Amino acid sequence: MDWQLVTQSLGGGILTGSVYGVAAVGLALVFGVVGVVNFAHGAMIMLGMYVVWYLHQWTSLDPFLLSLVAAVVGLGLGWFIQYVLVNKVMGTGQEGPLLVTVGISLIFVAVAEFVFSSNPRSVKPSYGDATFSVGPAQFSVTRLIAMLAAVAFTLALHNVLRKTDLGRSIRAVSQNRTAAQLMGLNVATVYAAAMALGAASAFFAGGVSASLLPVTPNAGLSLMLMSFVAAVLGGLGSIRGAFAAGIIVGLAEGAGALLLEGTLKTLVVFALFVLVLLLRPEGVFKR
Amino acid sequence: MTSSSTGKPDTSTGKPGTVPVQARPGRSGLNRTVKLVAGALLALVIVWIAAAGSNHLLGLATVALMFGAISGAWAMAGGLGGLFSLGHAAFFGIGAYTTAFLFAGHGVSPWLGMVAGVVLAAVFGACTTWLSVRFRVRGSYFALVTLAWAEMLRVIVSNVTPLGRSNGILVPYKAEPTFADLQFSDPRAYYALAVLYAVVVTVIFMVVKRTRFGWRLSAVRGDEDAAAASGVDVRRVLVAVMALSAAVTAAGGTLYVQYMQFIDPELAFSPTVSIDIAIRAVIGGPMVALGPLAGSGAMTTMTEWLKMSVSDSPAMNVLLFGVAVILAGRYFRNGLAGIGASALQWIGRRKERHDGS
């Protein structure tokens, strides 16, 4: 076994995994509070990429700083989506929210294609060529900063949920909706707030990925699948669990790259996904 | 065929044939007439396109019919069975790839390829669904798992050299094709084949819906535990309906690849294909035999109209599908068929009021 290759793959896995992690956190939050699997999550990630790409073209500010702007856009959009669309189909089984979020995702992808065309775009920060080494392996500085940004955002979100009144209401609804309602909480507003935060983390994850991946209208799909895996693996609803699981998914992908050639590496992740979905029914399938 | 209500000894009225109206919904004279009219209209459009349509129109109609029928196959599982799949591209792709591989690589007749693809897809559908049902994966999770299975196939096929990796397979066109080659020089022949396929799928759907099997599905869809308690083998019923749906979908894959003469991993297995299949059914009405075909026709017509009058961007139909699905999820859970039914009820009520006064 070639140690350089192993360090390179697994180290790369951790760096990429942290981006999956921050995307998964949003998915887990929306599921934990609203009880909806957000099929528009990938499209939101993709829009985050375009927001950063566009602003970077325009202002040439640092793309990771611009990711915060993307998160704010996500906040507004998420609130709007939940308030205007998803809240109206709550309580009619899972099919309503599924259809509505799939529809939203299609609209976002179409709009991105109209506005930005399907030509791949890329964002390159000023330090885009810098690298650092860990033992025998070399990584780009951009990926390290992406990881730090992802960790910082997740910690910030965690603190919002722990320390603020909004966070307390969100957690109250996720623990017991009826009781929260009886205590005078407006559940519809709390749902909208949770979706807003979930969308913000999707947009942020997208913004961070803009410097790592080609920006295309369909770029969100594979990131969404990875964050689904992570969110489910983390026990859906747990913020810390989702982030940690994101890193596990990244590692699995890295291990897959060691064992299998080319695109086959994602097979390891999907196999993990199916296994987790099938074998962890508690907390995953029953709510 | 007997109604389930006749099994109970109902001795309150001695008169035969006085089945309460509510017990047999969808059987009133008005409703049946409308179904016949809708079917006749559809048949008329189909014949008119064959007789007078340009080659462009014929091509559009052929694909709309093929995908409408595949959506009908989806609706057996996704509508009647309540198993919302976002991975039907797996079955479609298995059908298309099996046929193309055997025909292009080994000269095997696509008709035999179709049989092989149908069997493979049915086995794949049965195995994956058995796993999901065994571990009680339902609703959105079921959709996610099916999405993952299709993605796994896409990744595998993109890496298998005999299947052309990501370049796909080009189906050779014979200079003088025979019927055994499932290739024709006249585009009307493909169209006729698509019509035949659509008719077969519709008939299968109606048979499934109206036999004991369909009632069992309906019971499972309504309340799984209650169905199990009444002696329905839930696992078997759900696995069977998915195997059937997969088999019928794979046959559509065969027809599609012979018509397009090309297949690659994106065209066969991408989530876009799965979503397309599911959405045509959802928009048309997944509980009604003609719903998916109507949905498919409506979507293709709208897309073409928008392309001509607004913008020829390929994103147009994605946008349209998105809007239509949100509307279906928000207002019209039974799709176009549901809209038709409510309109009828409204007319019926007005008529009653007129007759009564």
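This section describes the two chains of a predicted model, the interface between them and a few individual residues.

Chain A contains 11 helices and 2 strands. Read from the N terminus, its elements follow the order α-α-α-α-β-β-α-α-α-α-α-α-α. The radius of gyration of chain A is 18 Å, and the globule rule gives 19 Å for 287 residues; the two values are close, so chain A is as compact as a globular protein of that length. Along the principal axes, the C-alpha atoms of chain A occupy a box of roughly 60 × 45 × 35 Å. Of the 287 residues in chain A, 56% are buried. When contacts in chain A between residues at least 6 apart in sequence are considered, 76% of them join residues at least 24 apart. The exposed area of chain A is about 11600 Å², of which carbon and sulfur atoms supply 64%. Chain A carries 14 positive and 9 negative charges, and the mean positions of these two sets are 14 Å apart.

Chain B comprises 14 helices and 2 strands. For its 357 residues the globule rule gives 21 Å, and the radius of gyration of chain B is close to this at 22 Å, so chain B is as compact as a globular protein of that length. The box filled by the C-alpha atoms of chain B, taken along the principal axes, is roughly 70 × 50 × 35 Å. Buried residues account for 48% of the 357 residues in chain B. Among contacts in chain B with a separation of 6 or more, 78% are between residues 24 or more positions apart. Chain B exposes about 16900 Å², with 66% of this area supplied by carbon and sulfur atoms. There are 28 positive and 16 negative side chains in chain B, and the centres of the two sets are 10 Å apart.

The interface was described by contacts and by buried area. The size of an interface is often given as the accessible area lost when the parts come together. Between them, chain B and chain A bury about 3700 Å², and 80% of this area is on carbon and sulfur atoms. On the side of chain B, the residues that lose the most area to chain A are B:Tyr141, B:Leu144 and B:Ile326, which together make up 18% of what that side buries. In terms of contacts, 42 residues of chain B meet 41 residues of chain A.

Individual positions in chain B were examined next. B:Ile70 belongs to helix H2, which spans residues 55-80 of chain B. Its relative accessible area is 0%, so B:Ile70 is classed as buried. Leaving aside residues up to four places away in sequence, B:Ile70 touches B:Phe92, B:Tyr197, B:Thr249, B:Gly252, B:Gly253 and B:Ile277. B:Asp186 is 116 residues from B:Ile70 along the chain, and the C-alpha atoms of the two are separated by 23 Å. B:Leu44 is located in helix H1 (residues 29-52) of chain B. With a relative accessible area of 59%, B:Leu44 is exposed. The C-alpha atoms of B:Leu44 and B:Phe213 are separated by 32 Å, the two residues being 169 residues apart along the chain.

In chain A, A:Ser211 is part of the loop that connects helix H8 (187-209) with helix H9 (220-233). A:Ser211 has a relative accessible area of 14% and is therefore buried, the cut-off for this class being under 20%. Residues up to four places away in sequence excluded, A:Ser211 touches A:Pro63, A:Phe64, A:Val123, A:Pro125 and A:Thr142.

Backbone geometry was considered last. Most residues other than glycine have a negative phi. A:Ser117, a residue other than glycine, has a positive phi near 60°. A:Ser117 is located in the loop between helix H4 (95-116) and strand S1 (131-134) of chain A, and its relative accessible area of 24% makes A:Ser117 partly exposed. In chain B, B:Gln261 likewise has a positive phi, near 60°, and is not a glycine. B:Gln261 lies in the loop between helix H9 (234-260) and strand S2 (262-263) of chain B. The relative accessible area of B:Gln261 is 21%, so B:Gln261 is partly exposed.

Conventions. Residues numbered from 1 in each chain as written. Chains lettered and ligands numbered in written order. Heavy atoms only, no water. Helix = DSSP H or I, 4+ residues; strand = E, 2+ residues; numbered from the N terminus. Rg over C-alpha atoms; globule rule 2.2 N^0.38 Å. Buried < 20%, exposed > 50% of the residue type's maximum accessible area, 1.4 Å probe, protein only. Contact = heavy atoms within 4.5 Å. Areas by Shrake-Rupley, 256 points an atom, 1.4 Å probe, with all protein chains shown as cover. Lys, Arg positive; Asp, Glu negative; His and termini not counted. Charge placed at Lys NZ, Arg CZ, Asp CG, Glu CD. Buried area = accessible area lost by both parts, 1.4 Å probe.
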